[in-house]
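I opened this entry to look up two things: a strand pairing and the enclosed space. The notes follow in the order I checked them.

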Amino acid sequence: MLSYFLDVSPASYWTNCPAGPFTKSFPYQASEYGYFEAGAGYYTVRDEKDAALLIYTVSGMGEIEWKGRKSTLEPGSAVLIECHDLHEYRTRSDGEPWVFYWLHVSGAGLEGCRNALLDQLTIVYPRDTDAFLDCFGQLRSIDPLSGPLACAEMSHCVSALCLHMMRARYALSGELAFGRAEIQRVVRHIDACYSRELDLDALSAIAGLSKFYFVRVFTQQTGITPHQYLRQRRVEAARKLLQTTNLPIGEIVEQIGYSDISAFISYFRQTLGMTPLQYRKESFNWM
């Protein structure tokens with residue numbers, strides 16, 4: 001069975017890799033691969049294909065169902081499934097294009113991934129995203145029919161992709177312990193520098209982790225995202241200034257690092273159930 005709607009941009013590509021006389025001599029064989037910038041209508045439903053499918057999401061969101069389980073494919077995530085079983089994947093219906101790399105692969109090397117990645121729907125987050133994406137770039141430069149060296153290089157690229165995914169999979173069980181020192185370093189930096197402009201690039205660099213993996217580990221360690229933690233820290237600082245000073249709201253907003261007074265008041269009300277002025281009045285009444 002195969003049903004699909006190929007709603008992809010002109011920047012997308014799809015490459016077939018015909019098998020040559022040396023292809024099956026190596027642990028991994030790539031039969032086709034591609035890069036899709038998929039619109040809202042994109043989907044694929046399929047079964048009985050003798051290959052595994054690897055998907056890595058760059059941006060936007062996808063959805064996948066396999067072996068009775070469903071999951072969202074978010075930026076920085078990778079998944080490997082067997083295509084013989086009925087499966088479906090599509091762009092998530094939130095209006096944003098789903099940008100992803102994909103690869104159909106077969107070969108004896110997949111047996112080593114079975115317990116970790118292929119027994120059930122398992123979403124992983126490769127830590128070294130640049131190296132992971134570089135493997136797809138290398139695949140595009142290989143002509144599988146040019147001889148045994150090309151087949152070896154292609155097998156090596158696929159093996160590297162699987163290795164990155166295996167490392168991410170086995171890190172899941174120890175992820176709460178992993179990164180604790182790195183995340184605490186970021187927390188201390190936010191506590192000391194919340195009034196400055198702090199973006200995800202700067203914070204992940206302090207942690208020494210990729211952006212996607214940093215957000216994942218930070219959220220697991222603290223229970224909230226880095227952005228949520230920064231906003232909470234700024235609200236705490238604003239509360240102290242409202243309680244202890246007569247500074248105008250605009251000046252307080254500037255001191256804690258907000259550039260938009262309306263956005264701050266909205267978040268303050270959402271967090272504490274009252275505006276900053278109401279909070280100041282209640283604090284003085286209590287005192």
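Which residue in strand 10 stands opposite S59? I found V99 there. I keep in mind that this is a predicted model.

Next I looked up the two strands around that pair. Strand 5 covers residues 52–59 and strand 10 covers residues 98–106. They pair in the antiparallel sense, over 7 bridges.

Then I traced the sheet. I counted 6 strands in an open sheet, with antiparallel pairing. The order reads 2-3-10-5-8-11. Strand 2 (13–16) and strand 11 (123–124) are the edge strands, each pairing on one side only.

I asked what packs on this sheet, and noted helix 2, residues 129–140. Helix 2 touches strand 2, strand 3, strand 5, strand 8 (78–82) and strand 10. I recorded an angle of about 120 degrees between the direction of helix 2 and that of strand 5.

Last, I turned to cavities. How many of 30 Å³ or more does a search of the whole structure find? The search gives 1. I noted about 70 Å³ of space in the largest cavity.

I listed the lining of the largest cavity: C17, P18, A19, T23, F26, Y28, Q29, A30, P144, C151, M154 and S155. Strand 3 (29–38) and helix 3 (148–171) are the elements that give two or more residues to this lining. Helix 3 supplies the largest share, 3 residues.

What is the polarity of that lining? I logged 9 nonpolar residues, 3 polar and no charged.

How values were computed: Residues are numbered from 1 along each chain as its sequence is written. This is a predicted model: local features need pLDDT of at least 70, side-chain atom pairs count only at pLDDT 80 or more; totals for chains, interfaces and linings use all residues. Side-chain values use heavy atoms; hydrogens and water are left out. On a 1 Å grid over the protein atoms alone, a cavity is a set of points where a 1.4 Å probe fits but cannot get out, and a pocket is an open set with protein on both sides within 12 Å along at least five of seven lines; lining residues have an atom within 4 Å of a point. Grid points are joined across faces, edges and corners, and a volume is the space filled by probe spheres set on the points. Helices (H or I, at least four residues) and strands (E, at least two) are DSSP runs, numbered from the N terminus. Ala, Val, Leu, Ile, Met, Phe, Trp, Tyr, Cys and Pro count as nonpolar, Asp, Glu, Lys and Arg as charged, and the others, Gly among them, as polar. Two strands pair if DSSP finds at least two bridges between them. Contact means heavy atoms within 4.5 Å. Axes are lines fitted to C-alpha atoms, for helices over the stretch in contact, and angles run from 0 to 180 degrees between N-to-C directions.
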